[in-house]
Structure formats: structure tokens, C-alpha cells
Amino acid sequence: MSLADHLPILPIALPALAAPCALLVMRRRRALGVGISLVSCLAMLAAALALLAQASDGTITAYAVGEWPAPFGIVLVADRLAAMMLVLASALALIALLHALVTRADSKGWHFHPLFQFQLMGLNGAFLTGDLFNLFVFFEVLLIASYGLMLHGQGPARLKAGVQYVVVNLVGSSLFLIALGLLYALTGTLNMADMGLKVAQIAPEDQGLLRIAALLLMSVFALKAAIAPLHMWLPRTYAVSTPAVAAIFAIMTKVGVYSLIRVVPQVFGDGAGAAAWVPAPWLLPAALVSTVIGFAGVFVARSLSEQAAYAVIGSTGTLLIAVAGWQTASLGAALYYLVHSTIAAAALFLVADVVARRRGASADSASPGPDFAERAGAGLLFMAAAIATTGLPPLSGFIGKLLILKSVAALPDWGWAWGVILGTTFIGVIGLARAGSVVFWKVAPDADAAPAPLAARADFAAPVIALLLLAALSAGAGWASAYANAAAAQVLDPTLSAAVVLGEAAP
């Protein structure tokens, strides 16, 4: 077998090998540990791009670990959606890692790079796995790594938020296991492709239990995605995390969204009886409320990092408005906006750090502070990140929101969707404009002089790269939206992946 035959496992194997290697050398040869982490991220991006090229023509690749055939063995599935998410995660990882290195945030503890690699292993595994139990396993890998990363740098605020974060996710993991146990008892399998076939054969007397299991599973995904009312853990957790960590956390909620998109059509589609399209009655209302809460939070937030945290909730709600339609056009629009919103949120976290490192005791609070170095450059960065976050032209958020508005126009509740998206965009613009005017235009006369930043303008690099990626996504919107629509069509036709994963066992 050639290296190309093993491509699907590389995004998991690379960080799995890099993490212990970095851990072994970090104390004595820190530069080598950093190099291992950086090379691993670059190799992951190369593997993800290779999988994207492989999947772009509609090819679905099933990789049987240990050559055990599905549904009995562990199987990885690389299709258009999985490849897109892998490229997004790898690109975001490089941006976050660059910022951590430039600002030396990674040097505040010995375990940053091993934990960072385990986090990527969990993310990549969740995007590639073809069965629900291994989705649970990779969830736990990325969550355990995120506990350590969230506390990186220490401090009472991080410890307090970290306890809340751990407790909430332990509850979610417990519900996940209960749901898996019920589904396995009903279907005798945890392979998603196989389960999609087995749920159609469940006896009428077990339909109620099937719906309960499905609702439990959807609740877990909603918790991971921070959908209202299960969102309250996110703002404090993300706002107090190290900025480079918060930037990679921007994709964490998208793992929950990805799981919804992956599991619902595959397992709980038209043939699932009482569990058919189980999140349909509540997903749109929850998405609308999440969008309002998120951008209202942006409006009232007291710091730039808190605004970025609430923007994650608002943007997740916006893309779920489109997901709730479960149509090719709306799901394709959601996938395009998913890529944009993830990078935009990361950029806003990084810009908040650029500002905080220059304002001394004022940090990134949305209040007048001292005059500081490179204020004009930081202000331009914040303006670009704010434009991206709210979805104004010329960046890709404007195109993403237009695609969502167009795709939901044919749906029954399109008026609510349009009103919420347009209204929250306006609220977000006002909130970010107000914060920017206070931070960059007003100087407190009695404020202590701000210290010179340690990295001069080097910390501009990561947010600039993120914003350039959004400009590229805008320039290539035709190709990107066509790819997103093709990925959506592939996901909504579960027979395609079932035929590849199960082979002769598929009908």
C-alpha cells in the first residue's frame, strides 16, 4: 500500500505521535519540542489538503483500521465535509500556534504543545470517525486536552471558569454514553452507516425508546455547540483563556454543529420512524434565540475578548438557522458560513490580545485607557475583524449571510430568520463600533502609561493571516460555495457513504 492509501489516518496519527515526542523533550530542549509541534501542524495541513483534493470530485474514502471490515471494526470516512473540516482545523491550528510562539504564550507552562497536539488529534478524529462510539472517544480526547489548555497560564479567573467547564462537559459525556447504550441496545451497532440501516427495522414498541435516545444524543451535540439554552458555559470560559487557546477553541463549538450535520441525515433521516429528523421541531427556535443572545452579548460585553466569545455563540446560531432547513442549498450556505465564522472569531480573539498587550492595566476592556504603541495599526486590525464578525462587505461573512438569507427564503419560517439575521447584524455592528471608538479614539488622562509590547509588531502576523484567509474565501466564493453545496448534497444522501463503508453489506 502507498502513502496515499493511508491518508485518512494521517491527521490523527501525526498529532498522536507528536504529542508524546514533544512532551519528552520540552524540559531539556524546548526548541526541539516547539519544532516537533510546528512540523506536525504543517504535515497535518498537507495531509488535509491532499484529502480535500481527493474528495473534491465526490470520492468517499473508507479506511478500515487494522483491516477489520465495517461495521465490526473502526472505520474512518473521508468525504467532502470531513476534508473541509480538516483543512479548517489545520489552518486554524497554524494561526493559533504562530500567535502562541510570537507572544511566547506557550512558554507559560511545559505542557502547552503536547496538549495542543492532543487537542488536534481529538478534533481530526471527530471529523473522520465513522462510528458513534469513536466520536465519543475523540470528544473525550479533545475535551481532556482542552481542560489543560484552558487552564494554561494559571490565574483564579481561569480556575473558576475551568471548574464550570469541566462539570458541564462531564454531564454531557455522561448523557452521550447513556444515548450510545440505548442506541446499541436497539440496533446492535454503533457504526453510523450501519445504524442508519438498522433504525428502519426497529419494532413499533421500541420507537419511543429510539426517540428518547436520539433526543439525548442531540442534546449532547447542542451542548457542545453552545446552542441556547445550553450556552452559558461558553462566554466566561473562552474570554479568560489564553488568546491563542481561545482562537483554536473557536472550532470547538463547530464540532457540535458538525456532529449534528453528520449524524442526523445518516442515522435519523426519513427512515428512522419516530426519530426521523429528530431535532427539526426545536433547532430553528434554538438557533434564533442563540443568534439574538450572542449578538446581544457582543453589544453589552465589557471587553474585546468577551465580545469575541459572544460572537462565537451568535455566529453558531446564524449558521444553525440555515442547517435547520435540512436542504442542500441551506446546508451548503451554512457550511460556507461555518468556515468564515470560525476564522473570524479566531481573528477577533487574537486582535483582542494585540490590544491587551499594549494597554497595560487597561488590557482589552471596552473603556478609555492610555495611549499605546501602534494604536492605528491595531485599530485597523480590529475594524477588519469587526467587519468579518458582523458579516459586512467586502469579507466573506457578507457573502455567507447573503447565501443563508437566499437559501432560507423558500422555507416556512423565513421571515423570522431574515428578521433575526438582519437585526442581530445591526446590533453587532453597533456593539463593536462602540467598543472600537472607546478603545482606539478615547484616552483616559489619568491612566498609567502603557508598556511597550514585547514582540513589537510581530503579534500582528497571526490575525493578519486569518483576515487574509477570509479575503481569499471572499475572492474564491464561487468555488468555495460550489464545494460547500456539493458537500451538503453528499451528506444529505447517506446511501453514498453507506455503500462505501459497508461494501457488500449495504443494500
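**Cores, salt bridges and a helix: reasoning from the model**

Biologist: Which residues does leucine 217 touch, not counting residues up to four places away in sequence?

Modeller: In this predicted model, leucine 217 touches Leu132, Phe176, Ala179, Leu183, Val263 and Phe268. Each of these counts as a contact because heavy atoms of the two residues come within 4.5 Å.

Biologist: What makes the largest nonpolar core a core, and which residues have the most contacts inside it?

Modeller: The term requires buried nonpolar residues joined through side-chain atoms within 4.5 Å, and the largest such set has 169 residues, with Leu217 and Phe268 having the most contacts inside it. H14 gives the largest share of this core, 20 residues. Another core, of eight residues, lies apart from it and has Ala70, Val75, Val77 and Leu502 among its members.

Biologist: Why is the pair of aspartate 106 and arginine 30 called a salt bridge?

Modeller: The cut-off between a side-chain nitrogen of Lys or Arg and a carboxyl oxygen of Asp or Glu is 4 Å; the closest N and O atoms of aspartate 106 and arginine 30 are 2.5 Å apart, and the pair therefore counts as a salt bridge. The two residues belong to distant parts of the chain, 76 residues apart, with aspartate 106 in the loop between helix H3 (80-102) and helix H4 (112-128) and arginine 30 in helix H2 (residues 30-55).

Biologist: How do you know whether aspartate 106 is buried or exposed, and how does arginine 30 count?

Modeller: Buried means under 20% relative accessible area, and exposed means over 50%. Aspartate 106, at 2%, is therefore buried, whereas arginine 30, at 25%, falls in between and counts as partly exposed.

Biologist: What makes arginine 357 and aspartate 459 a salt bridge?

Modeller: Their closest N and O atoms are 2.4 Å apart, which lies within the 4 Å cut-off, and therefore the pair qualifies. Arginine 357 is in the loop between helix H14 (328-356) and helix H15 (375-390), and aspartate 459 is in the loop between helix H17 (414-441) and helix H18 (461-475), so this salt bridge ties together parts that are 102 residues apart in sequence.

Biologist: With which residue does aspartate 459 form a salt bridge at 2.7 Å?

Modeller: Aspartate 459 forms that salt bridge with arginine 358, and the pair links the loop between H17 and H18 to the loop between H14 and H15, 101 residues apart. Through shared partners, salt bridges join Arg357, Arg358, Glu374 and Asp459 into one network. Set against the 20% limit, aspartate 459 at 0% is buried, and arginine 358, also at 0%, counts as buried.

Biologist: Why is the span of H2 described as close to the expected one?

Modeller: H2 has 26 residues and reaches 37 Å from its first C-alpha to its last, against the 38 Å expected at 1.5 Å a residue. The buried residues of H2, including Gly33, Val34, Met44 and Leu51, pack against helix H1 (10-25), strand E2 (75-78), H3, H4 and helix H19 (477-491).

Biologist: What makes alanine 274 partly exposed?

Modeller: Alanine 274, found in the loop between helix H11 (252-267) and helix H12 (280-300), has 31% relative accessibility, which is neither under 20% nor over 50%, and therefore counts as partly exposed. Alanine 274 touches Gln207 and Arg211, not counting residues up to four places away in sequence.

Conventions: Residues numbered from 1 in each chain as written. Predicted model: local features only at pLDDT ≥ 70, side-chain atom pairs only at ≥ 80, totals over all residues. Heavy atoms only, no water. Helix = DSSP H or I, 4+ residues; strand = E, 2+ residues; numbered from the N terminus. Buried < 20%, exposed > 50% of the residue type's maximum accessible area, 1.4 Å probe, protein only. Expected span 1.5 Å × (residues − 1).
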